[in-house]
Amino acid sequence: MEEKKDYILETLENDLKQITTEQQLIELKSKYLGKKGLVTELTSNMRELTEEQRREVGAVAGEVRSIVTEKINALSCQIQEKILNEKLEKEKIDISLPSKKVRRGSRHPFHRIIEDVEDFFVSMGYDVVRGPELETDENCFQRLNVPLGHPARDAQDTFYIDEEYLLRTQTSSVQARTMQENQEKTPIRMICPGKVYRRDDDATHSHQFGQVEGLVIDKDISLADLKGTLELFAKKMLGENTRVRFRPSFFPFTEPSVEVDVSCFKCGGTGCPLCKKTGWIEVLGAGMVHPNVLRMGGYDPEVWTGFAFGTGLDRFAMFRYAIPDIRYLYTNDVRFLEQFDRKDEENEVK
Ligand code: DAH
């Protein structure tokens, strides 16, 4: 028995020296410890032995098994380590190489403005709603007190799709939708930012631009509510020192109607080229919702009153970021768009 033991351990030593790969190690394991392995064979004839012989064989076989297992495991660790080292060597990263430049996107100036507008009105309890850009003549005009043939249609050169459908010229269309959709005829407090389209194209007018519409309907809403709301809005968008001025105007869907000017944020109201030396810049149209509009939306004008306003989002972006041509906002030139992260940082420092 001792001879067998010595033989096994000797051959094992020789075999271990030959092993360099994991596969060879697996084969080696089975040669010694497998079902028909050399160590297992030590106990193959146990049945033919006496009790005492069995005990002796069992003890030696157990000892051999544990020595063999230990040696194989030790070699396995060595081989694993060798493989890992080779891998690390092969996959070495040269950290001194210059990295590939990752181009970082930045939020579009138009969206920065929309987010600010939404934040402000949401904080005052308004809902933000959306409406389709492909709109019906009915929602865009008729339900806003602009019947077919009304001269106010001329002011908004419309892209018509057919007699019934058009590209909305104003987000006011969403006023009509919101009133109709509110089946219970409960109070409304909403803004709708979105794109509108008109047949215009020059440095300050684009065929596509952004507007935000606001509509409040409730009981006992007055012009004072409108004024207070727009004053706060102007301060939020253009700075704390901004003053607001209302001028009488006309819009078919409001009565009375006003045009809203803000004090020039460049010169503070003393007069400069931006405000054409007037000290004021026009930013908004607004007014008290016309009784006809309320009626067509299913609200009894004897019970309900409301105010509405509409403003161009692009102008706010142009003012805030000193953008000279509205068309830059829509041509998606990366060189132009990339500047805005930096500009916001500059503004924050001030
Ligand atoms: N829809 C008007 C425009 O595009 C702006 C406007 C004026 C909206 C008065 C309103 C409003 O809601 O009350 O010129």
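Start your tour by selecting N139, which counts as buried at 8% relative accessibility. You are looking at a predicted model, so treat each stop as a feature of that prediction. With N139 centred, show its secondary structure: the residue belongs to helix α6, which covers residues 137-140.

Next, which residues touch N139, once its neighbours within four places in sequence are set aside? Show L144, S173, A176, R177 and Q180, and you have the answer.

**Along α7**

S173 and A176 deserve another look, since both are among the buried residues of α7. Add V174, Q175, T178 and M179 to the selection to complete that buried set. Now bring up what these buried residues pack against: strand β2 (134-136), helix α6, strands β4 and β5 (208-218), helix α9 (291-296) and strand β9 (305-312).

Follow the chain out of α7 (173-181) into the loop that comes before β4 (188-197), and stop at K185. Its phi is positive, about 55 degrees, although K185 is not a glycine. Is K185 buried or exposed? Neither label quite fits: K185 is partly exposed, with a relative accessible area of 21%, and the cut-off for buried is under 20%.

**Two stops around β7**

Select E255 and P256 now and zoom in on the backbone between them. The peptide bond from E255 to P256 is cis, and omega is near -5 degrees. P256 itself is found in strand β7, residues 254-263.

From β7, move on to the loop that leads to β8 (280-289), where K277 is found. Here is another backbone feature to check: phi of K277 is near 65 degrees, a positive value in a residue other than glycine. Colour by accessibility and you will find K277 exposed, with a relative accessible area of 64%.

**The cavity**

Time to look inside. How many cavities of 30 Å³ or more does a search of the whole structure find? The search finds one. The largest cavity holds about 30 Å³ of space.

To see its walls, select L230, F233, A234, L238, V262, V283, L284 and F316. Helix α8 (223-238) and strand β8 each supply at least two residues of this lining, and α8 gives the most, with four. Colour the lining by residue class and you get eight nonpolar residues, with no polar and no charged ones.

**Across to the helix pair**

For the last stop, select E22 together with N139, where you began. The two are 117 residues apart in sequence, and their C-alpha atoms are 76 Å apart in space.

E22 is one of the residues of α2 that meet α4. Show both helices, α2 (residues 22-33) and α4 (residues 51-90): they pack at an angle of about 175 degrees, with their axes 10 Å apart. How do the two helices run relative to each other? Angles over 145 degrees count as roughly antiparallel, and α2 and α4 are therefore roughly antiparallel to each other.

Now show the side chains at the contact. On the α2 side, pick E22, L25, L28, K29, Y32 and L33; on the α4 side, pick R65, V68, T69, I72, L75, S76, I79, Q80 and I83. By class, the contact of α2 with α4 has nine nonpolar, three polar and three charged residues. As you follow the side chains along a helix, keep its geometry in mind: an α-helix has 3.6 residues a turn, so residues three or four places apart point the same way.

How values were computed: Residues numbered from 1 in each chain as written. Predicted model: local features only at pLDDT ≥ 70, side-chain atom pairs only at ≥ 80, totals over all residues. Heavy atoms only, no water. Axes fitted to C-alpha atoms, helices over the stretch in contact; angles between N-to-C directions. Parallel < 35°, antiparallel > 145°, perpendicular 65-115°, else oblique. Contact = heavy atoms within 4.5 Å. Nonpolar A, V, L, I, M, F, W, Y, C, P; charged D, E, K, R; others polar. Buried < 20%, exposed > 50% of the residue type's maximum accessible area, 1.4 Å probe, protein only. 1 Å grid on protein atoms, 1.4 Å probe; cavity = no way out; pocket = protein on both sides within 12 Å on 5 of 7 lines; lining within 4 Å. Points joined across faces, edges and corners; volume = space filled by probe spheres on them.
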